[in-house]
Amino acid sequence: MQMTDSFRALPSVEELLQNHTLRGYERKVGRAVVLDAVRASLDAARADIRAGRAAPMPALLLDAITERIEQAVRPTLTRVINATGVILHTNLGRAPLSQDALAAIQDAASSYSNLEYDLDAGERGSRYTHAEELIKKLTGAEAALVVNNNAAAVMFVLRAFAENKEVIVSRGQLVEIGGGFRVPDVLSQSGARMVEVGTTNRTRVADFENALTPNTALLLRVHPSNFRVIGFTEEVSLQEMSALGHKHNLVVVDDLGSGALVETSAFGLAHEPMPQESLRAGADLVAFSGDKLLGGPQAGIIVGKKEFVAKLKKHPLARALRVDKLTLAALQATLLHYLKNEAQQKIPVWQMISAKVETLEKRANDWCERWKKFGLEAHVMETNSTVGGGSLPGETLPTRAVALNIFSPDAFVATLRVNSPPILARIENNRVVIDPRTILPHDEHALLEGVERAARLA
Ligand SMILES: *Cc1c(COP(=O)(O)O)cnc(C)c1O
């Protein structure tokens with residue numbers, strides 16, 4: 001067939017809109033979506049013909065159109081199954097929330113709430129009270145404030161206390177967190193002037209002292225969340241920094257990144273700094289994340305001295321950076337788990353960190369047996385999970401995973417990624433590895449079926 005004949009073989013937009021199936025879709029999703037899909041599919045068909053291919057058969061063209069319609073009305077943000085064993089996976093939304101946090105969101109969002117209403121006094125209240133009391137109790141801080149995320153928290157503190165002034169920071173702490181978040185950029189965006197002292201591996205308190213000028217406003221410590229310097233190293237302790245800062249009337253700020261409210265070394269991991277420790281060491285303000293090891297919603301939590309937090313609350317940026325009721329509801333529920341001493345039982349991140357190897361092995365064995373019966377070549381292997389999310393660099397947790405011996409592992413993980421729900425797995429030594437540690441119980445069934453579906457397609 002000539003190319004012009006192929007073009008002529010394509011139905012018109014009007015003809016397609018009369019198609020019975022597409023009229024059914026039009027009633028469900030509206031004319032605009034169907035029309036877009038029809039036009040896009042015809043464009044694609046014409047491009048194919050121009051490239052020397054034949055016009056699509058009518059049934060195939062219809063399939064292409066309905067697939068486009070389905071895709072257009074499918075939300076792009078969707079649950080995925082994290083089989084990677086990286087607990088706080090930054091690309092996969094970091095911390096999944098606890099059941100109580102989800103219920104709190106549902107409760108606060110499906111009705112009106114007392115977000116800014118004091119029910120006892122019968123008058124306007126503050127949204128911040130809902131989290132502040134809990135955070136104070138858990139960290140021993142005099143005051144607390146919650147903003148959108150920890151990056152905002154750090155930027156806010158620098159702006160409020162050091163705009164057009166100097167901030168001294170050790171060269172060893174000028175980190176890039178990921179996603180382009182670099183401490184020097186945050187400093188310059190905040191309007192503060194960065195004064196770097198020391199060297200990459202060694203900084204002493206004298207370095208800070210020598211850099212002081214009448215224009216110095218703030219001493220900043222940044223937790224190098226995602227890397228470790230080993231060997232010939234020396235850093236200034238927060239105690240030393242605080243003593244120096246207070247002698248010279250400076251604000252001492254600690255950016256903890258993740259921070260942890262429970263002792264990570266109890267789980268065979270290195271010690272992750274805790275906000276309560278930083279406050280005891282003398283920091284005036286400490287900032288940490290809501291959705292790293294805290295295991296709650298995205299948020300930036302600032303704790304510290306009352307007068308400093310009060311200044312932040314009155315600052316115009318507080319309004320721009322404020323958190324919404326969904327975040328506050330989830331954060332409050334998450335913090336209550338810590339207060340009730342049930343973080344390990346109720347917060348998914350801590351359930352995953354504290355999962356016992358025997359439990360993981362049993363799950364891996366069960367899945368392995370099932371997949372072997374299905375015809376896959378599989379075995380249980382010893383490997384490691386990681387915490388991730390800019391915390392505990394280099395630290396791993398021993399795990400037992402299922403290793404699938406697949407002819408083409410790359411193609412297999414690509415098929416898993418387009419499963420519904422998508423499954424993310426890693427490849428290790430040419431095997432597709434499924435780590436049970438990060439598979440939530442309610443995702444297990446979908447994982448088992450998804451792997452089998454991918455195997456059928458392989
Ligand atoms: C992760 C991190 C941040 C940013 O926190 P977000 O909550 O992701 O905005 C800032 N500082 C450090 C040291 C971090 O590790």
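# Exercises on a ligand site and two sheets

A backbone N or O atom of A151 lies 2.8 Å from an oxygen atom of the ligand. The model is predicted, and the exercises below start from this contact.

**Exercise 1. Describe the polar contacts of the ligand with N150, A151 and S289, and state how much of the ligand's area the protein buries.**

Step 1. Take the backbone contacts. A151 contributes a backbone N or O atom at 2.8 Å from a ligand oxygen, and a polar backbone atom of N150 is 3.0 Å from an oxygen atom of the ligand. Both distances fall within the 3.5 Å cut-off for a polar contact.

Step 2. Add the side chain. An N or O atom in the side chain of S289 is 2.5 Å from an oxygen atom of the ligand.

Step 3. Turn to the area. The ligand taken alone exposes 380 Å², and 95% of that is buried by the protein.

**Exercise 2. How many residues surround the ligand, and how do they divide by character?**

Step 1. Count the shell. The ligand is surrounded by 13 residues, and the closest are R94, S225, D255, S289 and K292.

Step 2. Sort the residues. Four are nonpolar, six are polar and three are charged.

Step 3. Place the shell on the secondary structure. Helix α8 (150-162) and strand β11 (251-257) each supply at least two of its residues.

Step 4. Look at the backbone of R94. This residue is found in the loop between β2 and α6 (99-110). R94 is not a glycine, yet its phi is positive, at about 55°. For comparison, most residues other than glycine have a negative phi.

**Exercise 3. Work out which strands stand at the edges of the seven-stranded sheet, and why one side of each lacks a neighbour.**

Step 1. Write down the order. The sheet is open and runs β5-β13-β12-β11-β10-β6-β9, with mixed pairing.

Step 2. Read off the ends. β5 (143-147) and β9 (193-197) each have a single partner strand, so one side of each is left without a neighbour in the sheet.

Step 3. Give the twist. From one strand to the next it averages 25°.

Step 4. Examine one pair inside the order. β12 (residues 285-289) and β13 (residues 300-304) are antiparallel and share five bridges. A287 has I302 of β13 as its bridge partner.

**Exercise 4. Reconstruct the five-stranded sheet and the pairings of β18 within it.**

Step 1. Write down the order. This open sheet reads β2-β14-β15-β18-β17, and its pairing is mixed. The edge strands β2 (86-88) and β17 each pair on one side only. The twist averages 40° from one strand to the next.

Step 2. Pair β18 with β15. β15 (residues 396-405) and β18 (residues 431-434) are antiparallel and are joined over three bridges. L404 stands opposite V432, and V402 stands opposite I434.

Step 3. Pair β18 with β17. β17 (residues 426-428) and β18 also run antiparallel, with three bridges between them. Here R426 stands opposite V433.

Step 4. Inspect the turn. The hairpin of β17 and β18 has two residues between the strands, and N429 takes a positive phi near 45° in this hairpin.

**Exercise 5. Which strands do helices α18 and α19 contact, and at what angles do the helices run?**

Step 1. Start with α18. This helix (residues 357-374) lies across β14 (377-388), β15 and β18, at about 5° to β15.

Step 2. Continue with α19. Residues 409-417 form this helix, which packs on the sheet and touches β15, β17 and β18. The direction of α19 makes about 35° with that of β18.

Step 3. Follow the chain after α19. The loop between α19 and β16 (423-424) holds P421. The peptide bond from S420 to P421 is cis, with omega near 0°. In general, most peptide bonds are trans.

Conventions
Residues are numbered from 1 along each chain as its sequence is written. This is a predicted model: local features need pLDDT of at least 70, side-chain atom pairs count only at pLDDT 80 or more; totals for chains, interfaces and linings use all residues. Side-chain values use heavy atoms; hydrogens and water are left out. A residue is near a molecule or strand if one of its heavy atoms lies within 4 Å of it. A polar contact is a pair of N or O atoms within 3.5 Å; within protein, one must be able to donate a hydrogen and the other to accept it, and residues adjacent in sequence count only if both atoms are side-chain atoms. Accessible areas come from the Shrake-Rupley method with a 1.4 Å probe; for residues, only the protein chains shown count as cover. Helices (H or I, at least four residues) and strands (E, at least two) are DSSP runs, numbered from the N terminus. Ala, Val, Leu, Ile, Met, Phe, Trp, Tyr, Cys and Pro count as nonpolar, Asp, Glu, Lys and Arg as charged, and the others, Gly among them, as polar. Two strands pair if DSSP finds at least two bridges between them. Axes are lines fitted to C-alpha atoms, for helices over the stretch in contact, and angles run from 0 to 180 degrees between N-to-C directions. Contact means heavy atoms within 4.5 Å.
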